[in-house]
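Here's a walk through one protein model, sheet by sheet and then outwards. Keep the structure open beside you while you read.

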Amino acid sequence: MAVRISRAPLATAVAEAGGIGIIAGSGMEPEEMADEVRRARSQTDGVVGVNVMVAVRKFKDIVQAALREGADLVIAGAGFSRDVFKWCRDADVPMVPIVGSVRVANLSERFGASAVVVEGFEAGGHLGTDRPLKDLLPEIVEAVDIPVIAAGGICTGADIYEILGMGADGVQMGSRFAATVESSASDAFKQMYVDATEEDVILIKSPVGLPGRALRSPFTERLAAGDYPRIESCIACLRECGKDYCIIDKLVRAQEGDVERGLVFAGNSVTRVHDIPTVAELIERLCEEWRQASERSCA
Ligand SMILES: Cc1cc2nc3c(=O)[nH]c(=O)nc-3n(C[C@H](O)[C@H](O)[C@H](O)COP(=O)(O)O)c2cc1C
């Protein structure tokens, strides 16, 4: 989760607890990505990957910095890059695209993807589809022979049980982990998650050219009124940008604690986030909820 929500501390904690920890590189310079991967690598022998949006202008440099520092896998969404398959193949590292349709899932498999992340409309951040996960997932499980990781709206062990039962080989969770002790989001950001109700979860128009799911704030009210804040400085961080406002600036502000003038990305499942546990506590809880769901279905 960008910008700077999933950094080395969160990725390390997830990897140490037996998951796959992901460092989000969008909005970082390549050197910062290299530092984050190095930090995580020095703290865990578990699996640590990176996620970078194809839409980012320095996509190649950021991915290559992560590969040089020993990232275990690369996840890429918000666009499709043929080149990243080659960079990953050369580094002998799995490449995992984020897909929102059978067409892109098939294309990914043909280009050599090791797995795909299927992200439904419930997800937080930029959205590549308007279809719910439970609609999309069966089609994609049917269409490809590589592992399928499901994302969007998964918040509890019971959700994981249900989604694996639909044929997914794994799950990717965002929002639930943004509100953990090890997440690098500010306290104000995490508190917005805990306090969020259904009325707070909205869609915004991102200058990336995609809709984004976020929490209502004074900033999103300004956007809704068509009152776009002036771009103070532009480093052309995106390949293509609508330039209505600077989304990186707004995401960074929220990550640092200015949730009034910043943008807090969150998925639908945020309404079921009621606390800020450590990653170890959360994963223990998810396993227990999964066990209870599996016992209920056997009874
Ligand atoms: C705060 C936040 C930031 C995110 N940033 C990214 C990102 O940089 N790249 C990406 O591919 N997905 C991003 N996502 C999407 C998540 O990786 C994940 O797929 C999605 O949130 C799953 O839905 P969930 O939040 O209901 O678990 C972000 C989500 C959130 C909540």
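## The three-stranded sheet

Start with a sheet of 3 strands, open and antiparallel, in the order β6-β10-β9. Strands here are DSSP runs of E with at least two residues, helices are runs of H or I with at least four, and both are numbered from the N terminus. Two strands pair if DSSP finds at least two bridges between them. β6 and β9 sit at the edges with a single partner strand each, so one side of each has no neighbour in the sheet.

β6 and β10 are joined by 2 bridges and run antiparallel, and this is where you'll find His126 opposite Gly212 of β10. On the other pairing, β9 (residues 201–205) and β10 (residues 211–215) share 5 bridges, again in the antiparallel sense. Look for Leu203 across from Arg213 in β10. The β9 and β10 hairpin has 5 residues between its strands, and Gly209 there takes a positive phi near 105°.

## What kind of model this is

Bear in mind that this is a predicted model: local features need pLDDT of at least 70 and side-chain atom pairs count only at pLDDT 80 or more, while totals for chains, interfaces and linings use all residues. Residue numbers start from 1 along each chain as its sequence is written.

## The parallel sheet

The other sheet to look at is an open one with 7 parallel strands, ordered β1-β2-β3-β4-β5-β7-β8. Its edges are β1 (20–24) and β8 (170–172); each has a single partner strand, so one side of each is left without a neighbour in the sheet. On average, neighbouring strands of this sheet are turned by 30° against each other, direction ignored. (Axes are lines fitted to C-alpha atoms, for helices over the stretch in contact, and angles run from 0 to 180 degrees between N-to-C directions.)

At one edge, β1 runs parallel to β2 (residues 47–53), joined by 5 bridges. Ala24 has Asn51 as its bridge partner in β2. Further in, helix α5 (residues 102–111) lies across β4 (95–99) and β5 (116–119), at about 170° to β4. Contact, by the way, is when two residues have C-beta atoms, placed from the backbone, within 7 Å.

## Two domains and their contact

The protein chain splits into domain 1 (8–184 + 273–298) and domain 2 (187–269), with bounds from an automatic or database domain assignment. Their centres, taken over C-alpha atoms, are 22 Å apart. The contact uses 27 residues of domain 1 and 22 residues of domain 2.

On the domain 1 side, β6 (125–126) and α8 (175–178) each supply at least two residues. α8 gives the most, with 3 residues. That side of domain 1 has 11 nonpolar, 12 polar and 4 charged residues. Here Ala, Val, Leu, Ile, Met, Phe, Trp, Tyr, Cys and Pro are nonpolar, Asp, Glu, Lys and Arg are charged, and the others, Gly among them, are polar.

## Around the ligand

Which residues come nearest to the ligand? They are Ala2, Gly124, Gly125, Gly174 and Gly267, out of 28 residues around it. A residue is near a molecule or strand if its C-beta atom, placed from the backbone, lies within 6 Å of it.

β2 and α8 are the elements that give two or more residues to this shell, and α8 has the largest share, with 3 residues. By class, the shell has 13 nonpolar, 12 polar and 3 charged residues. Domain 1 and domain 2 each put in at least three residues.

## Backbone spots worth a look

The peptide bond from Ala2 to Val3 is cis, with omega near -5°. Val3 lies in the segment before α1 (8–16).

Ala78 isn't a glycine, yet its phi is positive, about 50°. You'll find Ala78 in the loop between β3 (74–77) and α4 (83–91).

## The whole chain

Stepping back, the protein chain has 12 helices and 10 strands. Its C-alpha atoms fill a box of roughly 55 × 45 × 40 Å along the principal axes.

The radius of gyration of the protein chain is 18 Å, which agrees with the value near 19 Å for a compact globule of 299 residues. That radius is taken over C-alpha atoms, and the globule rule is 2.2 Å times the number of residues to the power 0.38.
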